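Work through the exercises below with the coordinates open. Try each task before reading its solution.

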Amino acid sequence: MFPNVRPRRLRRSGSIRSLVRETTLAPSDLILPLFFHETLDAPRPIATMPGVSQLPVSAAAAEARMAHEAGLGGVLLFGLPRTKDATGSSAYDPNGPVPRAVTVMKDVAPDLLVITDVCVDEYTDHGHCGILKPGPRGDLEVDNDATLEVLAKAALAHAKAGADVVAPSDMMDGRVGAIRKALDGEGFSETAILSYSVKYASSFYGPFRDAADCAPKFGDRAGYQMDPGNAREALREARLDEEEGADMLMVKPALPYLDVLTRVREATTLPLGAYNVSGEFAMIKAAAAAGMLDERRAVLELLTSIRRAGADFILTYHAHDAARWLR
Ligand code: PBG
């Protein structure tokens, strides 16, 4: 005991702190989300996400080079299509913004890991993550099993374009199995699935819905995304996705769910990601712009906390800034 024991000895200098640091953070841990808009000719800034823009597909090559040169772990692509309809059929258009961007990015930077978000909410005119059908009282609800077909077709279109990993974010039951089957059936057994296994119905997606133009036109997503009060259910979702053939799992959002992240980490041996979502990003940006905190220190501390809680990798809009600060 004190005075023999003095934990501060290991905090005395940068060199000793660095030696005994338990959690590390590297650019290769970070995945940058990108939004490709089919009809844009120039980047269009997203008001609620300072420094983030919707991009024309013609920007894909430059984005791929930048991400590769920064040493990022990969990119995650979202698409904004020219046309939307009730079933989200543009989600599997082989000439849609995501397949086109994937092709260009893998051409110019073959070593850059390209992940695609698989969901229909950016492609449906009602903004829900599934196809709708009349419920028992005539009101509309999401048709789980009909949606699986569209998701499988979208994943296949992305795989055909050259995506390394497809990442379903819709929260339909059975989608990992349906996508795995569709990919294997067409010879894409090597394409990996990163499942948004544990995705909560969160207020922190607000800015993203501007970015991806996918806010639901009526109702909310509580009928398919998870209830924020539930943690045991997270383990169930993770287990089901693992059994259906997911190669990697994800918890989303990150910061309000670090406890869940730790529990899922302990329950699976699969690689685990966490999505530091748009609202988490916007909070930091707003506080930094108001002079309320030091952006660089805050971002690196938050990203470290997500790693410490159990994430192998982090999907984050701070990826380029953090990679620069870490160099
Ligand atoms: C759905 C999807 C969402 C996000 C990623 N994929 C939005 C939603 O579920 O409403 C949110 C990402 C973020 O907030 O940064 N395709």
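The exercises cover ring contacts and charge contacts in this predicted model.

**Exercise 1. Classify a ring pair.**
Determine how the rings of Phe-35 and Tyr-317 pair, and which parts of the chain they join.

*Solution.*
- Step 1: A ring pair is described by the distance of the centres and the angle of the planes.
- Step 2: For Phe-35 and Tyr-317, the centres are 6.2 Å apart and the planes make 10 degrees.
- Step 3: Pairing needs centres within 6.5 Å, and stacking needs planes under 30 degrees apart, so the Phe-35 and Tyr-317 pair counts as stacked.
- Step 4: Phe-35 belongs to strand β1 (residues 30-37), while Tyr-317 is in the loop between β12 (313-316) and α11 (319-326), so the contact ties together parts 282 residues apart in sequence.
- Step 5: Both Phe-35 and Tyr-317 are buried.

**Exercise 2. Place the pair in its surroundings.**
Find the aromatic cluster that includes Phe-35 and Tyr-317. Then locate the charge over Phe-208 and Tyr-275.

*Solution.*
- Step 1: The structure holds eight aromatic pairs.
- Step 2: One cluster is formed by Phe-35, Phe-78, Tyr-196, Phe-208, Tyr-275, Phe-281 and Tyr-317.
- Step 3: Lys-252 lies over the face of Phe-208, 5.9 Å from the ring centre.
- Step 4: The charged end of Lys-252 also sits over the ring of Tyr-275, at 4.8 Å from its centre.

**Exercise 3. Test a salt bridge.**
Is Asp-247 buried, exposed or partly exposed? Describe its salt bridge with Arg-180 as well.

*Solution.*
- Step 1: The closest N and O atoms of Asp-247 and Arg-180 are 3.9 Å apart. The cut-off is 4 Å, so the contact qualifies as a salt bridge.
- Step 2: The pair links distant parts of the chain, 67 residues apart: Asp-247 is in the loop between α7 (232-244) and β10 (248-252), and Arg-180 is in helix α5 (residues 175-185).
- Step 3: Asp-247 has a relative accessible area of 33%, so it is partly exposed.
- Step 4: Arg-180 has a relative accessible area of 13%, so it is buried.

**Exercise 4. Trace a network.**
Follow the salt bridges from Lys-285 to Glu-295 and to Asp-321.

*Solution.*
- Step 1: Glu-295 and Lys-285 form a salt bridge with closest N and O atoms 2.7 Å apart.
- Step 2: Glu-295 is in helix α10 (residues 295-309) and Lys-285 in helix α9 (residues 278-289), ten residues apart.
- Step 3: Lys-285 also meets Asp-321 in a salt bridge, 3.8 Å from N to O.
- Step 4: Asp-321 lies in helix α11 and Lys-285 in helix α9, so this pair ties together parts 36 residues apart in sequence.
- Step 5: Lys-285 is buried at 15% relative accessible area, and Asp-321 is buried at 19%.
- Step 6: Lys-285, Glu-295, Asp-321 and Arg-324 are linked in a salt-bridge network.

Definitions and conventions. Residues are numbered from 1 along each chain as its sequence is written. This is a predicted model: local features need pLDDT of at least 70, side-chain atom pairs count only at pLDDT 80 or more; totals for chains, interfaces and linings use all residues. Side-chain values use heavy atoms; hydrogens and water are left out. Rings of Phe, Tyr and Trp (its six-membered ring) pair if their centres lie within 6.5 Å; planes under 30 degrees apart count as stacked, over 60 as edge-to-face and the rest as tilted. Helices (H or I, at least four residues) and strands (E, at least two) are DSSP runs, numbered from the N terminus. Buried means under 20% relative accessible area, exposed over 50%, partly exposed in between (1.4 Å probe, protein chains only). A charge sits over a ring if NZ of Lys or CZ of Arg is within 6 Å of the ring centre and within 35 degrees of the ring normal. A salt bridge is a side-chain nitrogen of Lys or Arg within 4 Å of a carboxyl oxygen of Asp or Glu.
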